[in-house]
Amino acid sequence: MVDDANNVMLEYLKRFQTGQDRIERKLEEIITRMGKLEMSVARLRRDFGHSEEIAASMSIRVDRLNERIERRLDPTS
């Protein structure tokens, strides 16, 4: 009877360990995927910042060009 109880407990512990191993593998996978997502978001932020920098630079150029055009078209100059 004691052997049967020990065997049942051993089976439960094996199942528990198997489930625990599966959870640990999934957690490692989730951590890896989360890290990749964080890197992707950082790249997107960097790219977006670079795009804003380019847009600001173009805006300055257009403003300067407008000033030059206005000076050339101004008959009082």
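**Briefing: one helix and its surface**

Y12 is exposed, because its relative accessible area of 51% is above the 50% cut-off. This residue lies in helix α1. The model is predicted. The protein has 1 helix and 0 strands. Just 1% of its 77 residues count as buried.

**Overall shape**
- Helix α1 covers residues 2–73.
- The C-alpha trace spans about 110 × 10 × 5 Å along the principal axes of the protein.
- The radius of gyration of the protein is 33 Å. For a compact globule of 77 residues, the value would be near 11 Å.

**Surface and charge**
- The accessible surface of the protein amounts to about 7700 Å². Carbon and sulfur atoms account for 59% of that surface.
- The protein carries 15 positive and 15 negative charges. The mean positions of these two sets are 6 Å apart.

**Nonpolar patch**
- V8, M9 and Y12 form a nonpolar patch on the surface. The patch measures about 320 Å².
- Y12, one of its members, is the exposed residue named at the start.

**Negative patch**
- D63, E67, E70 and D74 come together in a surface patch of negative charge.
- D74 sits in the segment after α1.
- D74 has a relative accessible area of 34%. Partly exposed means between 20% and 50%, so D74 counts as partly exposed.

Key:
Residues numbered from 1 in each chain as written. Predicted model: local features only at pLDDT ≥ 70, side-chain atom pairs only at ≥ 80, totals over all residues. Heavy atoms only, no water. Patch = residues over 30% accessible without salt bridge, like charges linked within 9 Å, V, L, I, M, F, W, Y side chains within 5 Å. Areas by Shrake-Rupley, 256 points an atom, 1.4 Å probe, with all protein chains shown as cover. Salt bridge = Lys/Arg side-chain N within 4 Å of Asp/Glu carboxyl O. Lys, Arg positive; Asp, Glu negative; His and termini not counted. Charge placed at Lys NZ, Arg CZ, Asp CG, Glu CD. Helix = DSSP H or I, 4+ residues; strand = E, 2+ residues; numbered from the N terminus. Buried < 20%, exposed > 50% of the residue type's maximum accessible area, 1.4 Å probe, protein only. Rg over C-alpha atoms; globule rule 2.2 N^0.38 Å.
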